[in-house]
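Trainee: I'd like to go through this structure with you, one question at a time. Could we begin with the surface and then work inwards?

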Amino acid sequence: MMHTPLLKKLVLAVLGMFAFAFALVPLYDVFCDITGLNGKMDLVVAEQSSEIDKSRKVDVSFTTHAKSSAPFSVKAQQYSVTVQPGKLSEVEFVAQNLSDKARVMQAIPSVSPGQAAKYLHKLACFCFDQQSLDAHQTMKFTLRFYVDTELPADVQELTLSYTLYDITSNTAQAQNNSTPLLSVAEHTYLRGQNNG
């Protein structure tokens with residue numbers, strides 16, 4: 001047929017685009033690791049700092065947003081705090097399930113500017129675990145953190161952002177399959193480790 005060469009080219013183009021789409025995620029992770037733009041944080045409990053830089057102050061602000069249709073509201077009791085590097089600070093968060101059913105929430109943190117993510121250390125955070133909330137339940141969480149004394153001198157402001165996910169269906173599927181459930185945070189962390 002006359003159209004066979006054109007059909008082969010179109011099939012190859014589609015396959016190429018498909019392969020490129022799959023390659024984008026690891027390429028993006030590599031790019032972010034090199035440039036420090038994504039602000040991913042380690043999901044490990046930090047140890048308390050042994051020194052405090054009393055000559056310096058850093059402003060840390062907090063934002064949250066729910067991913068797609070996740071029915072959660074999480075707000076910091078303080079929009080921002082001024083901290084001394086190395087000094088332990090605490091901020092209260094109020095979380096609410098806005099739906100009529102019990103839901104499981106997972107919060108994924110990130111920091112901006114991205115290169116500063118490794119200098120913000122959390123000792124306690126609701127993002128470490130999945131949070132089960134009954135219908136319309138409100139809960140309080142305490143974030144305990146400090147900014148590393150090694151934070152570059154030109155960084156005077158940090159923003160800690162949380163993206164909220166509804167992982168209720170993932171939890172139910174894991175229980176039905178009797179397999180241990182990895183949280184969204186663990187999946188994100190492990191993907192970063194595997195790509196690093």
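Mentor: Gladly! Accessible areas here come from the Shrake-Rupley method with a 1.4 Å probe. Keep in mind as we go that this is a predicted model.

Trainee: What share of the accessible surface of the protein chain belongs to carbon and sulfur atoms?

Mentor: The accessible surface of the protein chain comes to about 12,100 Å². Of that area, the part belonging to carbon and sulfur atoms is 55%.

Trainee: And how much of the protein chain is made up of buried residues?

Mentor: A residue counts as buried under 20% relative accessible area. The protein chain has 196 residues, and the buried share of them is 35%.

Trainee: In which order do the elements of the protein chain run?

Mentor: The protein chain has 3 helices and 9 strands. Read from the N terminus on, the order is α-β-β-β-β-β-β-β-β-β-α-α.

Trainee: Which residues form the nonpolar patch with L15 on the surface?

Mentor: L15 has its place in helix α1, residues 4–35. With a relative accessible area of 51%, L15 is exposed, because the cut-off for exposed is over 50%. The patch has about 410 Å² of accessible area together, and the partners of L15 in it are L7, V11 and L12.

Trainee: Now the strands. Which residues of strand β3 are on its covered face?

Mentor: In a regular strand, side chains alternate between the two faces of the sheet. Strand β3 spans residues 80–83, and its uncovered face has S80 and T82. The covered face has V81 and V83.

Trainee: Which residue in β3 is the bridge partner of V60?

Mentor: Strand β1, residues 58–66, runs antiparallel to β3, and 4 bridges join the two. In β3, the partner of V60 is V81.

Trainee: How is the aromatic pair of F62 and F93 arranged?

Mentor: A pair of aromatic rings is described by the distance of the centres and the angle of the planes. The structure holds 6 aromatic pairs. For F62 and F93, the centres are 5.8 Å apart and the planes are at 85 degrees; over 60 degrees counts as edge-to-face, so this pair is edge-to-face.

Trainee: How many residues apart are F62 and F93?

Mentor: F62 is in strand β1 and F93 in strand β4, residues 89–97, so the pair links distant parts of the chain. F62 is buried at 6% relative accessible area, and F93 is buried at 0%. The two are 31 residues apart.

Trainee: What is the distance between the ring centres of F93 and Y162?

Mentor: The planes of F93 and Y162 are at 85 degrees, so this pair is edge-to-face. Y162, in strand β9 (residues 157–166), is 69 residues from F93, and Y162 is buried at 0%. The ring centres are 5.7 Å apart.

Trainee: Which residues form one aromatic cluster with F62, F93 and Y162?

Mentor: F62, F93 and Y162 belong to one cluster. The others in that cluster are F126, F141 and F145.

Trainee: Finally, which residue forms a salt bridge with R144?

Mentor: The structure holds 2 salt bridges. R144 is partly exposed at 28% relative accessibility. The N to O distance in its salt bridge is 3.0 Å, and the partner is E90.

Trainee: And which residue forms a salt bridge with D166?

Mentor: D166 is partly exposed, with a relative accessible area of 27%. The closest N and O atoms of this salt bridge are 3.5 Å apart, and the partner of D166 is R103.

How values were computed. Residues numbered from 1 in each chain as written. Predicted model: local features only at pLDDT ≥ 70, side-chain atom pairs only at ≥ 80, totals over all residues. Heavy atoms only, no water. Buried < 20%, exposed > 50% of the residue type's maximum accessible area, 1.4 Å probe, protein only. Pairing = 2+ DSSP bridges. Patch = residues over 30% accessible without salt bridge, like charges linked within 9 Å, V, L, I, M, F, W, Y side chains within 5 Å. Salt bridge = Lys/Arg side-chain N within 4 Å of Asp/Glu carboxyl O. Phe/Tyr/Trp six-rings, centres within 6.5 Å; stacked < 30°, edge-to-face > 60°.
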